[in-house]
Structure formats: structure tokens, C-alpha cells
Amino acid sequence: MSIKRTNRALAAAAVFTAAALVMSGCTKVDEGGDAESSFPEKDIRLIIQANPGGGSDLSSRALATELEGILDVSVIPENMPGAAGALAMEYVAEQEPDGYVIGFGPVEIAMLNTTQDADVLPENYDLLGQIMLAPGVITVSASSDIETLDDLVAQSKSAPITIANSGAGSIWEAASVAFGAETGGEVTPVPYDGGAPAVAAAASGETVAAVSGLGEALSQGSAVRILAVMNDERHPDAPDVPTAEEAIGTELIFGGWGGIYAPAGLPDDVRDTLESAIKEAVESDSYQQFQADAGNLVVYRDSKEFTKFVEDQFALFQDLLG
């Protein structure tokens with residue numbers, strides 16, 4: 001074969017190889033000849049269902065910072081508030097399941113179909129991992145005659161009590177309803193525009209009690225008395241406060257948990273990469289310190305565990321609020 005003809009053959013082979021690589025999309029071949037995912041190759045958008053500055057936003061941004069170092073691409077937080085989070089969650093469900101759009105899923109991801117008839121269902125998503133938990137606490141005014149959770153139960157059985165919460169359809173309203181259902185007391189949930197105003201209402205005596213996150217209760221200082229934490233173990237920031245089960249023998253576990261999700265149908269390699277990166281991010285010292293400073297617990301569940309957990313929570317809220 002002539003040199004000219006050989007060069008033409010080599011050029012044609014090079015063009016064919018380049019085209020094949022382009023068509024292969026997100027895979028490459030390692031030295032051993034095995035296909036290997038090259039995801040991610042561009043920026044990832046992290047959709048946040050809340051306004052800037054709140055717990056969901058700050059947790060999302062803390063995680064995004066860690067993910068950038070692990071995945072070696074930008075992870076860009078985008079706030080998309082509206083309809084108690086349904087706007088963002090429905091948006092994410094409609095995106096291409098390629099891993100480049102993910103979302104922060106708070107507890108409301110298991111509630112909104114029941115409370116607002118939103119198209120937010122566990123099967124709409126690939127649930128990649130839980131990343132945090134803000135356990136609920138029950139508080140009363142420091143000047144109240146109610147000293148213990150047992151006292152609050154007794155009062156609720158003699159006459160209806162008002163319990164402030166962070167808004168209609170919120171996790172803390174659900175916790176208030178569950179408190180009455182589990183103890184046999186009469187409870188009237190009273191919605192406020194956030195957890196902090198709810199605790200302030202209890203502190204002033206406007207309501208008998210409040211259910212909120214621990215951080216919101218601690219922000220009231222000595223104005224409130226924290227009766228119990230709604231978790232299966234005590235909170236390290238309030239070690240002297242018993243769990244509800246310790247206080248009254250009834251398990252009450254409610255919290256403002258959050259995790260990361262994507263549209264349903266991710267390719268296996270993309271899903272594995274994201275799940276692994278989320279686990280590594282949650283285990284990092286800086287992320288753990290961020291959540292500790294925020295008064296939250298770092299609770300990690302992998303994709304399989306988180307999926308089962310969300311499905312169980314979905315069924316719980318259908319029974320409780322449906």
C-alpha cells in the first residue's frame with residue numbers, strides 16, 4: 001500500500017474513532033478495556049424548594065460545597081420556592097433523568113400529596129440518600145404550671161389544649177396531631193408563619209404548647225421549658241431533655257429530615273456515582289460541623305434505606321392527615 005493510501009486509511013480510522021467516542025456519550029474505556037462512566041461532565045443543578053437562608057437552603061448549600069470537591073464539577077444551588085415545596089419537586093420529576101438536575105427533599109416530599117394533592121409521590125423520584133435530621137421538641141412557657149410531658153398529656157385529657165406549629169400542612173402540625181392521637185388527648189393545632197413564631201406563642205402563653213425544631217426552641221432561651229424531644233434518642237444539644245418515650249412511654253418520632261433526590265430512572269452508573277458522593281459529603285468533617293452548629297443531627301441513609309424510609313413516611317402521613 002502506498003504512503004498516501006495508508007495516511008488516508010489512518011485518517012478515516014481516526015474520524016470513525018472520534019465519532020464513536022461522541023456517540024458513546026458518558027462512557028469511556030479504561031486501560032483494561034472495560035466501560036467506565038465519565039459522569040459528571042458538566043455542572044449539576046441542585047434545586048431547593050425553599051427561600052434562601054432557611055434550614056433547607058443552608059443544608060443544601062453545605063452539601064453542594066462538599067459535592068463539588070468530590071465530583072470535580074460545580075454543583076449550583078437554585079432556589080425554587082412555591083406551593084410549600086411542590087413547585088420544585090414537581091419540576092425535578094419532569095427533568096431528564098441524567099443526574100444533572102437533583103433536588104433537596106425535605107419531609108414534605110412525603111406529605112404534599114396528602115396535604116395539597118400535589119403530584120409528589122415516592123415513585124416519581126430516585127431517592128439518593130438522607131443527609132440530616134432536625135428532631136421535633138415539645139415546649140411550654142417557662143411560667144406554665146406544666147412541668148413535664150406527662151402533665152401536658154393530663155391537661156389535654158381534661159380539656160382541649162392548643163399547640164402552636166409552623167403552619168398548616170407542616171411536619172410540626174402533623175406532630176401536633178400525632179401527639180393527640182397517640183396520647184388520647186384533645187389537641188387543637190394552631191398554625192403560625194414558621195417555627196420561631198410558634199415557639200414564641202407558647203412562650204407568651206398565647207398557646208398552651210408548641211412543637212418545633214430544637215434550634216427554634218433554644219432561641220427562646222429561658223422563656224420556654226422543653227418537655228421532650230420527638231426522637232428515638234436524646235439530642236446532644238439538650239442532653240437533659242427526655243425523649244417522648246422516656247417521658248410518657250409512648251413513641252413519638254417526628255423531625256424535619258432532608259435528603260437528596262433525582263428524577264426517577266437514573267442510569268445505574270450515574271445513580272451509583274451520586275449516591276457514593278453524597279455519602280462521602282455527609283461523612284466529611286466540615287459538613288458534620290455545619291450541621292452540629294445548626295443544632296441538627298447528621299443522619300445518613302443510603303438510597304435503599306432512604307427509599308424505604310420515605311415510603312413508610314408517605315404511608316404514615318396518609319393515615320395521619322388524609
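In what order do the five strands of the open sheet lie? The order is 9-8-10-7-11. The legends below take this sheet first and the aromatic rings after it. The model is predicted.

**View 1. Five strands make an open sheet with mixed pairing.** Strands of a sheet pair through backbone hydrogen bonds, either parallel or antiparallel. Two strands sit at the edges here: strand 9 (187–191) and strand 11 (224–230). Each of these edge strands pairs on one side only. From one strand to the next, the twist averages 30°.

**View 2. Strand 8 and strand 9 run parallel.** Strand 8 covers residues 161–165. Five bridges join strand 8 to strand 9. Look for Asn165: Pro191 of strand 9 stands opposite.

**View 3. Helix 7 packs on the sheet.** This helix spans residues 195–204. Helix 7 touches strand 7 (136–141), strand 8, strand 10 (209–213) and strand 11. Compare the directions of helix 7 and strand 10: the angle between them is about 150°.

**View 4. Strand 7 and strand 11 pair in the antiparallel sense.** Six bridges link these two strands. One residue to find is Ile138, whose bridge partner in strand 11 is Ala228. Is strand 11 mostly covered or mostly open? Strand 11 is mostly covered, with seven of its seven residues buried.

**View 5. Tyr125 and Tyr261 meet edge-to-face.** The model holds four aromatic pairs, and Tyr125 with Tyr261 is one of them. Their ring centres lie 4.9 Å apart. The angle between the ring planes is 80°. The planes are over 60 degrees apart, so the pair counts as edge-to-face. Which parts of the chain does this pair link? Tyr125 belongs to strand 6 (residues 125–132), and Tyr261 belongs to strand 12 (residues 258–263). These are distant parts of the chain, with the two tyrosines 136 residues apart. Why does Tyr125 count as buried? Its relative accessible area is 5%, and buried means under 20%. Tyr261 is buried too, because its relative accessibility is 1%.

**View 6. Trp257, Phe306 and Phe309 form one aromatic cluster.** A charged residue joins the scene at Phe309. The charged end of Arg301 sits over the Phe309 ring, 3.9 Å from its centre.

**View 7. Lys42 lies over the face of Tyr100.** How far is Lys42 from the ring centre? The distance is 4.8 Å.

Definitions and conventions: Residues numbered from 1 in each chain as written. Predicted model: local features only at pLDDT ≥ 70, side-chain atom pairs only at ≥ 80, totals over all residues. Heavy atoms only, no water. Pairing = 2+ DSSP bridges. Helix = DSSP H or I, 4+ residues; strand = E, 2+ residues; numbered from the N terminus. Axes fitted to C-alpha atoms, helices over the stretch in contact; angles between N-to-C directions. Contact = heavy atoms within 4.5 Å. Buried < 20%, exposed > 50% of the residue type's maximum accessible area, 1.4 Å probe, protein only. Phe/Tyr/Trp six-rings, centres within 6.5 Å; stacked < 30°, edge-to-face > 60°. Lys NZ or Arg CZ within 6 Å of the ring centre and 35° of its normal.
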